[in-house]
Number of protein chains: 2
Amino acid sequence: MTAIPEPAKERLLQLMRFLEQNNGAPLTSAEAEVLTGWPSCTIRKDISYLADKTLPGGTAEEAGEGEGVCRKAGSAAGYSPGQLIPVIKKALGLDRRRRFCVVGLGRLGSAYLNFEAYELGEFELAAGFDTNVNRVEILKSPVPLYPAYKMAEVIGRFSIEIALLCVPGDAAQTVAEKLAAAGIRGILNFAPAALKLPPDLTVRNVYVADELRALAVRMG
Amino acid sequence: MTAIPEPAKERLLQLMRFLEQNNGAPLTSAEAEVLTGWPSCTIRKDISYLADKTLPGGTAEEAGEGEGVCRKAGSAAGYSPGQLIPVIKKALGLDRRRRFCVVGLGRLGSAYLNFEAYELGEFELAAGFDTNVNRVEILKSPVPLYPAYKMAEVIGRFSIEIALLCVPGDAAQTVAEKLAAAGIRGILNFAPAALKLPPDLTVRNVYVADELRALAVRMG
């Protein structure tokens with residue numbers, strides 16, 4: 001799997017999303033270009049990585065079949081959601097369900113606690129945490145909420161792998177260290193702070209200020 | 001500016017953020033590697049793009065100076081925030097202030113309306129919009145809020161360039177089309193929907209489900 005370059009993985013993820021939203025209909029090459037903003041040769045190249053990945057250690061015949069699937073999935077008729085989505089999921093290791101929690105239940109945290117679009121099968125919201133016990137008791141939530149001091153216990157008990165870190169910037173490092181000690185393996189960091197954590201913990205930063213900057217750079 | 005590859009631009013943005021958070025101290029090459037997760041050769045390569053960009057149409061001597069600045073900014077002593085941040089900003093076109101608005105003031109929209117970390121000088125929150133007039137009247141906000149039917153008028157009056165789209169997924173396309181007609185040039189799309197818009201409008205999707213997937217792919 002490491003042979004798929006990181007930017008190609010991110011593009012495949014986004015292509016998968018567009019395929020999912022196409023109501024089962026094939027996405028033509030031209031439509032895919034408009035939706036993603038990438039040239040069709042980039043999309044074809046990304047899809048070509050899937051041929052070998054879906055058949056690890058496969059024979060030449062099997063590899064040939066793999067390429068066949070990809071050619072078929074990306075033929076003149078367009079990219080077929082039914083064929084391509086499972087192949088992308090498997091190649092990217094998204095074919096098992098992971099539990100996550102929301103840490104910090106201020107405005108942003110409570111928004112993500114009640115977000116409409118987690119239901120992809122791959123992720124299961126399992127808990128929310130906040131230092132404010134009062135907030136934990138009164139907040140509307142689809143999952144159980146706990147005071148922050150119970151983090152290690154609850155994360156261990158429910159095998160929670162991922163945390164959405166929604167605390168204020170000045171609390172982020174301390175809370176992230178506690179999550180690391182509790183056994184969290186990945187953090188989606190919404191707090192405006194750079195985290196310094198052990199390398200076995202994967203961090204992905206979602207800074208709205210950086211997203212604005214990235215948008216502005218592309219706007220020119 | 002188009003000569004800087006898109007992935008390099010995104011990395012430079014994130015490097016700039018880490019430099020900003022280092023309290024004015026130089027960031028050593030080793031620290032930059034740990035913070036960003038990129039090998040130091042990638043960071044050096046990205047910085048090398050800045051040499052020519054900061055001196056458009058410069059003479060050979062000037063270009064030499066430019067390279068000197070970059071070498072100096074990235075010497076053994078580390079990357080100097082004071083030297084590097086302004087060069088990155090200028091090269092990426094972030095040296096002018098842009099106005100933005102929040103559209104859709106549910107949980108997520110009201111979180112971003114009151115977010116702590118916009119104060120970068122580059123972006124100015126100017127307004128919020130919602131179809132629910134009651135919500136517009138009672139919501140706490142640092143900027144004026146307007147009913148959605150006033151969008152075109154307010155966006156034009158205050159020269160708002162960017163919209164944070166925080167409406168539900170099933171309303172996103174319709175609202176985005178109204179924003180396009182109102183003259184918005186860039187949309188940061190938080191709604192779980194793929195937007196089909198004219199090519200002169202730049203869209204950047206921030207799907208939490210895709211962020212979770214991207215994190216999971218890196219976690220392995």
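Select Ile187(B) and Val203(B). Val203(B), in β8(B), is the bridge partner of Ile187(B). Now widen the selection to both strands: β7(B) and β8(B) run parallel and share four bridges. Keep in mind throughout that this is a predicted model.

**The sheet of chain B**

Show the strands of chain B. Six of them form an open sheet, in the order β5-β4-β3-β6-β7-β8, with parallel pairing. Which strands are at the edges? They are β5 (145–147) and β8 of chain B, and each pairs on one side only. Look along the sheet to see the twist: neighbouring strands are turned by 25° against each other on average, direction ignored.

Next, bring in a helix from the other chain. Select residues 208–219 of chain A, which form helix α10. This helix packs on the sheet of chain B, where it touches β3, β4 (123–130), β6 (162–165), β7 and β8. Its direction makes about 150° with that of β8(B).

Then select residues 172–182 of chain B. This is helix α9, and it lies across β3, β6 and β7 of chain B. Against β6(B) it runs at about 170°.

**The side of chain B that touches chain A**

Colour the contact residues of both chains. On chain B there are 54, in contact with 54 residues of chain A. Which elements of chain B each supply at least two residues to this side? Pick out helices α1 (6–20), α2 (29–36), α6 (107–113) and α10 (208–219), then strands β3 (98–103), β7 (186–189) and β8 (202–205). α10(B) gives the most, with twelve residues. Recolour by class: this side of chain B has 31 nonpolar, nine polar and 14 charged residues.

**A helix pair in chain B**

Stay with α1(B) and add helix α5 (residues 81–91) of chain B. The two pack at an angle of about 145°, and their axes are 10 Å apart. The crossing of α1(B) past α5(B) is left-handed. To see the contact, select Leu12(B), Met16(B), Leu19(B) and Glu20(B) on α1(B). Opposite them, on α5(B), select Pro81(B), Leu84(B), Ile85(B) and Ile88(B). By class, this contact has seven nonpolar residues, no polar ones and one charged.

**Strand β3 of chain A**

Move to chain A and select residues 98–103, strand β3. Why is this strand largely enclosed by the rest of the structure? Five of its six residues are buried, so the surroundings largely enclose β3(A).

Show what pairs with β3(A). Strand β4 (residues 123–130) of chain A runs parallel to β3(A), with six bridges between them. Strand β6 (residues 162–165) of chain A is also parallel to β3(A), joined by four bridges. Centre on Cys101(A). Its bridge partner in β4(A) is Ala127(A), and in β6(A) it is Ala163(A).

**Helix α9 of chain A**

Finish with residues 172–181 of chain A, helix α9. Its buried residues are Ala172(A), Val175(A), Ala176(A) and Leu179(A). They cover an arc of only 100° around the axis, so they sit on the same side of α9(A). What covers these buried residues? The cover includes β3, β6 and β7 (186–189) of chain A.

Rotate to the face turned away from the buried side of α9(A). There you find the exposed residues Thr174(A) and Ala181(A). Last, click on Gly183(A), which follows α9(A) and has a positive phi, near 100°.

Methods. Residues are numbered from 1 along each chain as its sequence is written. Chains are lettered from A and ligands numbered from 1 in the order in which they are written. This is a predicted model: local features need pLDDT of at least 70, side-chain atom pairs count only at pLDDT 80 or more; totals for chains, interfaces and linings use all residues. Two residues are in contact if their C-beta atoms, placed from the backbone, lie within 7 Å. Ala, Val, Leu, Ile, Met, Phe, Trp, Tyr, Cys and Pro count as nonpolar, Asp, Glu, Lys and Arg as charged, and the others, Gly among them, as polar. Two strands pair if DSSP finds at least two bridges between them. Axes are lines fitted to C-alpha atoms, for helices over the stretch in contact, and angles run from 0 to 180 degrees between N-to-C directions. A residue is buried if 20 or more other C-beta atoms lie within 10 Å of its own, exposed if 12 or fewer, and partly exposed in between; C-beta atoms are placed from the backbone. The arc is that of the directions from the helix axis to the C-beta atoms. A crossing is left-handed if the near helix is turned anticlockwise from the far one by less than a right angle, and right-handed if clockwise.
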